[in-house]
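Student: I have a new model open on my screen, and I would like to learn how to read it. Could we walk through some features together?

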Amino acid sequence: MTTSEQLFEKAKTLIPGGVNSPVRAFRAVGGSPLFIKSAKGPYLYDEDGRQYIELINSWGPMILGHAFEPVEKAVRDAIQYSFSFGAPTRKEVEMAELITAMVPSVEKVRMVNSGTEATMAAIRVARGFTGRDKIIKFEGCYHGHGDSFLIAAGSGAMTMGVPDSPGVTKATAADTLTAPYNDLAAVEVLLENNQNQVAAVILEPVVGNMGCVLPEPGFLEGIRSLCDKYGTLLIFDEVMTGFRLSKGGAQERFGITPDLTTMGKIIGGGMPVGAYGGRADIMNQVSPAGPIYQAGTLSGNPIAMSAGMAMLHYLNEHPEVYTRLETIGDKLVNGFRKGLQKAGLNYTINHIGSMFTLFMTGRPVSNFSDAKSCDVPLFGRYFHAMLDRGVYLAPSQFESLFLSIALTDDLVDQIIQANEESLLEVIK
Ligand code: KE4
């Protein structure tokens, strides 16, 4: 047994499924998960000393590559002043100033400790501000593990959702309406049939959580105008896309202004940080400024703020990072398309900037039912073929890849080669 396998056996006796987050367990691709010991730049190193070129980057945060010196230095400098006070600090003011400068729709912001906390708080604030109970989300979009989001689409006839996990109550599910992504008409029907009841529409402006799925032309604009028409707030969940698709996230790239934005991942530079923010008139309803309660012992933690600010400052001051990420993404995806052609496969790749997914299906993928047409077992075999060649992909067909600027042109060529060989291997 490898060290990772031994650790996994031990972990399963102590931690549910042996992991602290389900996707890490490799259940979607089979086999035993690698236990990672360290990482540097574009590389991960597992407990057995094997090196992998990394295409997840901790599900987004490590956009500058692992152990990026300015971020590491900021944390080293911070830890000498103790780790946590539970009292306001200068760093939280600086962080709020930086976020509101980088994301202009965020006039006021509250720091929390994860993307889940951010989205849970954002819908509570939307409900409190509007006095309405329902929310609309999209099938295939993931917004963390808050009860209101673990909702599957009801049957065609039903408008309300059904629990997508034991422990989520029917009462909770009744307040979450679901629609297919990219289906404006479905959203309009829900809003029309639930007038004055829908507090917010929440969506990933570019989806990462069913694999990478882009908004069709006019979709985001359409959602914005429907929200305006029905007095419903628009929440962009930019936990993945924030500070990745541009300095100002998807909302800057697509030119859409949401009422509230949720953030995470990159905002912490690899430390546990989330945030939500938006229009000042809405955020001024959040305790203690207003009556809508939300709190957190470690919110704005000074060590985490130091890491997050170092990363955001670097991104803010080095626009060439985004140019480089576009170049890397284009080169990789073009290479992957050539690999598909050589293997005689007409599979779909959805791509934007430094996010992309190779879907093992010949169908275009613009919503969750399209994504579910993928050959998941084939993806599992492909995942392991790539892993055998030293390339670490997301261990699920229904996840986006996240690139970092640490990928050199040589490494991009290596990944393209590995993809070509892996496709040829698995289609035999
Ligand atoms: P966290 O609570 O995991 O920090 O963030 C939840 C969340 C919210 N919104 C979006 C758009 C997200 O992608 C996420 C978390 N993303 C997953 C990746 N599919 C994190 C990986 C995991 O669950 O382990």
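Tutor: Happy to! A good place to begin is a pair of neighbouring strands. In this predicted model, strand 2 and strand 3 are joined by three bridges and run antiparallel.

Student: Which residue is the bridge partner of L44 in strand 3?

Tutor: Look for Y52, which is the partner of L44 there. Then follow the chain from one strand to the other: strand 2 and strand 3 make a hairpin, with four residues between them. The turn contains G49, whose phi is positive at about 80°.

Student: And what lies on the other side of strand 2?

Tutor: Strand 1, which is joined to strand 2 (residues 43-46) by four bridges, again antiparallel. On that side, L44 has A39 standing opposite. So L44 is a handy landmark: A39 stands opposite L44, and Y52 in strand 3 is a bridge partner of L44.

Student: How many strands does this open sheet have, and in what order?

Tutor: It has four, in the order 1-2-3-15, and the pairing is mixed. To find the edges, look for strands that pair on one side only: here they are strand 1 (36-40) and strand 15 (391-392).

Student: Where does the parallel pairing come in?

Tutor: Look at strand 3 and strand 15, which pair in the parallel sense over two bridges. One partnership to click on is E54 with Y392 in strand 15.

Student: What is the order of the three-strand open sheet?

Tutor: Read the order there as 13-14-16, with antiparallel pairing. Its edge strands are strand 13 (348-352) and strand 16 (401-402), each pairing on one side only. Between strand 13 and strand 14 (residues 355-359) there are five bridges, and the two run antiparallel. I352 has M355 as its bridge partner in strand 14.

Student: Can we look at where side chains point in a strand?

Tutor: Yes, strand 8 is a nice case. From strand 8 (residues 176-179), T176 and T178 point one way, while L177 and A179 point the other way.

Student: Are those four residues buried or exposed?

Tutor: All of them are buried. Strand 8 is also joined to strand 5 (residues 134-138) by four bridges, and the two run parallel. L177 is the residue in strand 8 that partners I136.

Student: Why is V201 classed as buried?

Tutor: Check its relative accessible area against the cut-off: buried means under 20%. V201 is buried because its relative accessible area is 0%. You will find V201 in strand 9 (residues 198-203).

Student: Now the backbone angles. Which residues should I check for a positive phi?

Tutor: Try N57, which is not a glycine and yet has a positive phi of about 55°. N57 sits in the loop between strand 3 (51-54) and helix 2 (69-79). A67 lies in the loop between strand 3 and helix 2 as well, and its phi is also positive, near 55°.

Student: Are N57 and A67 buried or exposed?

Tutor: N57 is buried, with a relative accessible area of 0%. A67 is buried too, with a value of 17%.

Student: Which peptide bond is cis?

Tutor: Go to the bond from S287 to P288: it is cis, with omega near 0°. P288 is in the loop between helix 9 (280-283) and helix 10 (302-317).

Student: Last, the ligand. How many residues surround it?

Tutor: The count is 16, and the closest are S21, T116, N209, D237 and E399. By class, the shell holds five nonpolar, seven polar and four charged residues. Domain 1 (3-67 + 319-426) and domain 2 (69-317) each supply at least three residues to that shell.

Student: Which atom pairs should I zoom in on?

Tutor: Start with S21, where a side-chain N or O atom is 2.6 Å from an oxygen atom of the ligand. For T116, a side-chain N or O atom is 2.7 Å from a ligand oxygen atom. For Y142, look at the backbone instead: a polar backbone atom is 3.5 Å from a nitrogen atom of the ligand.

Student: And how much of the ligand's accessible area does the protein cover?

Tutor: The ligand on its own has 540 Å² of accessible area, and the protein covers 86% of that.

Terms used:
Residues numbered from 1 in each chain as written. Predicted model: local features only at pLDDT ≥ 70, side-chain atom pairs only at ≥ 80, totals over all residues. Heavy atoms only, no water. Near = heavy atom within 4 Å. Polar contact = N/O pair within 3.5 Å; in protein donor to acceptor, adjacent residues only side chain to side chain. Areas by Shrake-Rupley, 256 points an atom, 1.4 Å probe, with all protein chains shown as cover. Nonpolar A, V, L, I, M, F, W, Y, C, P; charged D, E, K, R; others polar. Domains from an automatic or database assignment. Pairing = 2+ DSSP bridges. Buried < 20%, exposed > 50% of the residue type's maximum accessible area, 1.4 Å probe, protein only.
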